[in-house]
Amino acid sequence: MNQALESLLDLLDLERIEQDIFRGLSRSAVVPRVFGGQVAAQALVAAGRTVPGDRTAHSLHAYFLRPGDPGAPIVYTVDRIRDGRSFTTRRVVAVQHGQPIFHLSASFQTYEEGLDHQTAMPDAPDPETLPTAAEMLPGYADRFLEPGVVDRLIEARAAVDLRYVDAPPFGSVGTPREPRSQVWFRTDGKLADDPLLHVCLATYVSDMTLLDSVLLAHGRGGWAVGDVVGASLDHAMWFHRPFRADEWLLYDQESPSSSGGRGLGQARIYTQDGQLAVTVIQEGVIRVPR
């Protein structure tokens, strides 16, 4: 396991300061605010630590309320909404400087048999044939506003091996494309056999590239290119089948709509053998600078 992954796991190992109150730290992000995937993953960790071990997360719904301060701790307060025979519901509020910055509701379920079908996995190349972030990103250095962006992007993704199937938005600036993108990802090292940990790490990664498909539709390169500004507004995930975040997962993403200064991304995450593991939907603010 590399040092970056160890650091990320430490970040998700929240300090319990009361029965249902937890405290987490942040690490430097590519932008001067807390990375949304981090606060979502930490909130899910807090919720999961108040749930019986035989119940696994099957959905989460969250809102990003304010930018997080990466230099200050985040306090997560868990509200035990419901403990039923099969389902457990938790609500989590993340607070910094006396104000809520993030709100999450999560539901957990005991395992049971039931009807089973899924959408087929789309075609995608073998992830081992694709370049790593460290191999791919330097080739786009001239597209970014600042010379240090490449190093910051590589550092931010050092815990996760994330590989683009096609060129990212900053690789095709000025040329609108089909609003769809694919990446393969897995943690850069093996993880413990804790289902909550794997779900939380998938939650962390899910916020990295989901709105790329919105940018592709308009030939925009993103914040680092300087042709849009934006932030995540809300985030929802449904966990359908077991998976491991330390094994290759295909993140198949598309954007059905953008309007009113907002863009919508939706995606499916598949295991390498074709099992539909997760569905993700996110809306974000995406504005063209004046």
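**Exercise 1.** In this predicted model, which backbone nitrogen does a side-chain oxygen of Asn2 reach at the start of helix 1?

*Solution.* Helix 1 covers residues 3-12. At its start, the backbone nitrogen of Ala4 has a side-chain oxygen of Asn2 within 3.2 Å. The cut-off for a polar contact is 3.5 Å between N or O atoms.

**Exercise 2.** Determine which residues of helix 1 are buried, where they lie around the axis, and what covers them.

*Solution.* Step 1: take as buried any residue under 20% relative accessible area, and as exposed any residue over 50%. The buried residues of helix 1 are then Ala4, Leu5, Leu8, Leu11 and Leu12.

Step 2: these residues span an arc of only 115 degrees around the axis, so they sit on the same side of helix 1. The general background is that an α-helix has 3.6 residues a turn, so residues three or four places apart point the same way.

Step 3: turn to the other side of helix 1, where Gln3 and Asp10 are exposed.

Step 4: look for the cover over the buried residues. It includes helix 2 (36-48), strand 8 (180-187) and helix 5 (195-209).

**Exercise 3.** Give the strand order of the sheet and explain why strand 1 and strand 7 each have one side without a neighbour.

*Solution.* Step 1: the open sheet is formed by 12 strands, with antiparallel pairing, in the order 1-2-4-5-6-3-9-12-11-10-8-7.

Step 2: strand 1 (15-18) and strand 7 (160-164) are at the edges and have a single partner strand each, so one side of each lacks a neighbour in the sheet.

Step 3: from one strand to the next, the twist averages 25 degrees.

**Exercise 4.** Describe how strand 6 pairs with strand 3 and with strand 5.

*Solution.* Step 1: strand 6 (residues 99-110) is joined to strand 3 (residues 55-64) by nine bridges in the antiparallel sense. Here Leu104 of strand 6 stands opposite Ala62.

Step 2: strand 5 (residues 87-96) also pairs with strand 6 in the antiparallel sense, over 10 bridges. Ala106 in strand 6 is the bridge partner of Arg90.

Step 3: examine the connection. Strand 5 and strand 6 make a hairpin with two residues between them, and His97 in the turn has a positive phi of about 50 degrees.

**Exercise 5.** How many bridges join strand 10 to strand 11, and which strands does helix 5 lie across?

*Solution.* Step 1: strand 10 (residues 249-259) and strand 11 (residues 262-271) run antiparallel and are joined by nine bridges. Leu264 in strand 11 stands opposite Ser257.

Step 2: helix 5 lies across strands 3, 6, 7, 8, 9, 10 and 12. Its angle to strand 9 (229-239) is about 145 degrees.

Technical notes: Residues numbered from 1 in each chain as written. Predicted model: local features only at pLDDT ≥ 70, side-chain atom pairs only at ≥ 80, totals over all residues. Heavy atoms only, no water. Pairing = 2+ DSSP bridges. Helix = DSSP H or I, 4+ residues; strand = E, 2+ residues; numbered from the N terminus. Buried < 20%, exposed > 50% of the residue type's maximum accessible area, 1.4 Å probe, protein only. Arc of directions from axis to C-beta. Contact = heavy atoms within 4.5 Å. Polar contact = N/O pair within 3.5 Å; in protein donor to acceptor, adjacent residues only side chain to side chain. Axes fitted to C-alpha atoms, helices over the stretch in contact; angles between N-to-C directions.
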